[in-house]
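Colleague: I should like to examine one part of this protein closely before turning to its wider surroundings. Please treat a single residue first, and then proceed to other parts.

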Amino acid sequence: MSDFQLVSPFKPAGDQPAAINELVKGIANDEKFQTLLGITGSGKTRTIASVIEKTGMPTLVMSHNKTLAAQLYRELSDYFPDNCVEFFISYYDYYQPEAYIASQDKYIEKDLSINDEIQRLRLRATSSLLSGRRDVIIVSSVSCIYGIGSPSEYEKLIIRLEVGDEIPRNKLLYDLVELHYSRNDIDFQRARFRVRGDVVDLFPAYSEHALRISFWGDEIETLSLFDPETGEVLEETEQFFVYPASHYVTTKGRLKTAIDQIRDELELRLDIFRSEEKYLEAQRLEQRTMFDIEMMQEIGFCAGIENYSRYLAGRKPGERPYCLFDYFPDDFMLVVDESHQTVPQIGAMYGGDRSRKINLVEHGFRLPSALDNRPLKFEEWESMINKCIFVSATPSDYELEKSQGVYVEQIIRPTGLMEPEIEVRPLKYQIDDIVGEIPKAVKQKQRVLCLTLTKRMSEELSQYLKDMGIKAAYMHSELDALERVEVLYRYRRGDYDVLVGINLLREGIDIPELGLVAILDADKEGFLRSDTSLFQISGRAARNVDGRVIMYADKVTDSMRRVIDETERRRNIQLEYNKKHNISPTTIAKDLKPLVDPNLIGAKSFEIDTDDGESDALEHIKVADDGIRYKAAPAMKEIVFEDKTEFLDYLRESMKAAAKNMEFEEAARIRDQIEEVQKELK
């Protein structure tokens, strides 16, 4: 009997039931790898949710993109409200890795900003796995293959509290410090505790509620969960498990052994540097390493402690690091979303990490053991898989090979929407032809997407369309995340009728208003015109009932032929399904939300302003006689702050709220604003 309880108002439809049955059957038959070929809008997440429910296996869902991971987390949380759905992504709002550029003799110190809310979610994820529950789903980015602490060391330090237990209060306090909790009787925040006589208040690093431990002598009299903001007691409990506040924790015995091993490696490395007359490197390494050792001896922690993870976890040289996979039971299931993107990203992570760290090791910034603080190698990642389902609309050769050429199809959309019609037109007059097609699309209140092969051609086409009186915008790689969000928002709103670029709107971005995709130079076969790219680009028009694709080419390449034939096959299957079930497809309805959701950032005074006029900047900040005027987006009214300090406080709260709601691009945007205002204050 599965512990998972799926909640959904809709039953599986189209070819979802067949896909669910085939995948469940494959797992029952001990198939290690399976591939779900699911097109855009076919309900792939709903299918995977049903497979999880029927198999009852703890599940890790991997995505190549934080934004898509957040979207999957929300969907699966809705499907399994009574089960344990967790989120595990990189906890950095900002991260500049430590590096050394030898050609410039330039050392770049590690600089980072940790998002406490994401750190809480990461700790809650591992805590849920170690709690013994089977109904656990963790949605993760590829950061899950990076090293974290040993689960066995982590588990040894878990404190079990139960009413009636006898434990000296001071011993409990020392134990909490060993778990990386700090005492602060005034500023009570996450990963801290405070003491008031016989009462110890603890704010677990992974929880939204705090714990009150009341003693009678050395006996635990009561355990109460309370709201850390108001102090209101929410419930009393008989038992509570306190998990460490960091993944990099270790017992005192292991820490002492690790420090001895670090000293031994340091001596060996210093001898090598001195024998090679690299005295600067030797001095640098000795100074840095001894400082780290002293910090570990004094407080059990140091900045960059992950570079000593091999010793802290008791691993051998070259042995793979512990990662999130190690916290799962052996019989877990892995789901790789958008596998054609995620799998290559996993394969590339080890090489990039190693090339950066080798420079640090060779020039005395780190010990060679720091190389063992790394992501998994691709073959290591493969070896840890128990059961795996690759999910993609365009699976690559790797997925199909691992699935032995067999895949489960899901190409019927329950909504009835069909794949866009594809037409091939000659190259000679492609620009003139596009100019002629745009007014037709605009008349039907549709948007147009034009894809070129080069940046220069995108710029020139965008300018040409503007000169022709067409509302066009150019989106390119130099736009930051904030500017991209603004362009897409205005595109949907109708400020632009045409978007021009090289590689736009691929996985996970849906624009229902998009009715025409024009692919220039479609016969120039390569990465940008491969069958995978053409499939993904064409699929962006599948949300509109009148969606169509024009490929401009003088010859039909093999990639084009595969896309055209497969699209036609899918159209025929969908058409037959629509006729059989009397379905009249309609364009997907998707609300146009403001760039900054007032509910996310707590800006209750923000309102939609439809008569805001034109505005080129995404936000306006200016000092006026009556304070700072701030406008978060063109669609919102201004609010006024008396001074920049008040404005900074507002921005910090807004950033935390955005991160808590997993609006990471918005949180990053606000973080950048905070830095700018802080510079002005200095």
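Leaving aside its neighbours within four places in sequence, with which residues is Ser 224 in contact?

Modeller: This is a predicted model, in which local features need pLDDT of at least 70 and side-chain atom pairs count only at pLDDT 80 or more, while totals for chains, interfaces and linings use all residues. Residues are numbered from 1 along each chain as its sequence is written, and side-chain values use heavy atoms, without hydrogens and water.

Once the neighbours within four places in sequence are set aside, Ser 224 is in contact (heavy atoms within 4.5 Å) with Ala 210, Leu 211, Arg 212, Val 233, Glu 235 and Glu 236. Ser 224 itself belongs to strand E14, which covers residues 219–226. Strands (E, at least two residues) and helices (H or I, at least four) are DSSP runs numbered from the N terminus. Ser 224 counts as buried because its relative accessibility is 8%, and buried means under 20% (exposed is over 50%, partly exposed in between, with a 1.4 Å probe and protein chains only).

A whole strand can be examined in the same manner. In strand E2, residues 59–63, five of the five residues are buried. Thr 59, Val 61 and Ser 63 lie on one side of E2, Leu 60 and Met 62 lie on the other, and both faces are covered.

E2 also has partners, and two strands pair if DSSP finds at least two bridges between them. With strand E8, residues 136–141, E2 runs parallel and is joined by five bridges. Within that pairing, Val 61 of E2 has Val 139 of E8 as its bridge partner. Strand E17, residues 333–337, is likewise parallel to E2, and four bridges connect them. Here Met 62 of E2 stands opposite Val 336 of E17.

Two residues of E2, Leu 60 and Met 62, reappear in the largest nonpolar core. Such a core is a set of buried Ala, Val, Leu, Ile, Met, Phe, Trp, Tyr and Cys residues joined through side-chain atoms within 4.5 Å. The largest core has 60 residues, and those touching the most other members are Leu 60, Met 62, Tyr 181, Phe 325, Leu 334 and Trp 381. Helix H4 supplies the largest share of this core, with four residues. A second core of 33 residues is separate, and Ala 49, Ala 69, Ala 70 and Phe 87 are among its members.
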